[in-house]
Amino acid sequence: MGISTCIVMAPIRSPKVILTGSPDCSILATDVETGNAIARLEDAHGDAVNRLVNLTETTIASGDDEGYIKVWDTRQRACCNSFHAHEDYISDIAFVPGTMQLLGTSGDGTLSVCSLRKNKVQSQSEFSEDELLSLVIMKNGRKVICGTQTGALLLYSWGHFKDCSDRFLGHPMSVDTLLKLDEDTLISGSEDGVIRLVGILPNRIIQPLAEHSEYPIERLAFSNDRKFLGSISHDQMLKLWDLQELLDGHQGAPDPESQSVEADSDGDEMDVDIKPFKPAKEPKRKKADKGQTSNTAFSDFFADL
């Protein structure tokens, strides 16, 4: 049985625990030093778990192939929020601490905004012709950027989620993962295996930073000290890049082949029931077949974390 996604869960009591989600619908906690399984949550979802995101010291969020997003309280060892926000697989999730909202993207081509306080889907974009594969929040919370199957970046203005305000047609293939470098710059991972430095408003591909492989790049992440950039791809390798060396090499001219932008109006009315974003003070894939599950009890999960 393969692993759909993984994330290092440093804030949950120990910085040495990794949580992984699997097509068998389970979530597994593993000690990174020993490689031993610490705890296992069976039947976390009704379908394959393909996205895990760390929210706070005691909560995580997970997304599955049927469009469900769940939030788990590690203290109560239980699901505290569940949203059927989409009609297809959840491709990415972002957390907004200031408003206690989750943003999700899906293969159904929509962006959703879910309220943890009200336990409901507050807003959802119109259907895009593209599958939405990744997202990141930038410009001090004023813009949400989504990567798509065709390579376009869709820019949504906060509070105007029904339709995108800009389309940046810069990537030659799908944009599978996005990582915010700062409020004006992001790092993208594409189906062509290239890691790129991208400027937002003005929209431009500043320069390719590295090439992981000829396979799609699934995830990008910083090390805790932000000295290294990690990337994973279909070549089953985790690569670590010296971030400073990569950035020191981007002094050249922007890529001349990636400057196409389509702009739409931001003038439509603000979506109902969406509070303005307040930044916190602190800083695809296709559905997999479900596997068999074991008999580990639900209450065992997180017990040793």
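Reader: Which residue takes a positive phi in the hairpin of β6 and β7?

Author: In this predicted model, β6 and strand β7 (residues 68-73) are paired antiparallel over five bridges. Across that pairing, Gly63 is opposite Ile69 in β7. Three residues lie between the two strands of the hairpin, and the one with a positive phi, near 90°, is Gly67.

Reader: How many residues does the hairpin from β5 to β6 pass through?

Author: Strand β5 (residues 49-56) and β6 run antiparallel and are joined by six bridges. One of the paired positions is Asn54, whose bridge partner in β6 is Ile60. The number of residues through which the hairpin joins β5 to β6 is two.

Reader: How many residues of strand β6 are buried?

Author: In a regular strand, side chains alternate between the two faces of the sheet. Thr59, Ala61 and Gly63 point one way from β6, while Ile60, Ser62 and Asp64 point the other way. Residues on both sides are buried. For strand β6 (residues 59-64), the count out of six is therefore six.

Reader: Which strands stand at the edges of the open sheet of three strands, and why is one side of each left without a neighbour?

Author: The order in this sheet is β21-β22-β23, and the pairing is antiparallel. Each edge strand has a single partner strand, so one of its sides has no neighbour in the sheet. The edge strands are β21 (217-222) and β23 (238-242).

Reader: By what angle are neighbouring strands of this sheet turned against each other on average?

Author: One neighbouring pair is β21 and strand β22 (residues 228-233), which are antiparallel over five bridges. Within that pair, Phe222 stands opposite Leu229 in β22. With direction ignored, the average angle between neighbouring strands of the sheet is 25°.

Reader: Which residues have the most contacts inside the largest nonpolar core?

Author: This core has 16 residues. At least two residues each come from β19 (194-199), β20 (204-211), β21 and α1 (243-248). Leu229 touches residues including Leu179, Leu220, Phe222, Trp241 and Leu246, leaving aside those up to four places away in sequence. The residues with the most contacts inside the core are Ile187, Ile195 and Leu229.

Reader: How many residues does the other core, the one with Leu103 and Tyr156, have?

Author: That core lies apart from the largest one. Val113 and Leu132 are also among its residues. Its residue count is 15.

Reader: What percentage of the residues in the chain is buried?

Author: The chain has one helix and 24 strands. About 14200 Å² of it is exposed, with carbon and sulfur atoms supplying 48% of that area. Of the 305 residues, the buried share is 53%.

How values were computed. Residues numbered from 1 in each chain as written. Predicted model: local features only at pLDDT ≥ 70, side-chain atom pairs only at ≥ 80, totals over all residues. Heavy atoms only, no water. Helix = DSSP H or I, 4+ residues; strand = E, 2+ residues; numbered from the N terminus. Buried < 20%, exposed > 50% of the residue type's maximum accessible area, 1.4 Å probe, protein only. Areas by Shrake-Rupley, 256 points an atom, 1.4 Å probe, with all protein chains shown as cover. Pairing = 2+ DSSP bridges. Axes fitted to C-alpha atoms, helices over the stretch in contact; angles between N-to-C directions. Core = buried A, V, L, I, M, F, W, Y, C linked by side-chain atoms within 4.5 Å. Contact = heavy atoms within 4.5 Å.
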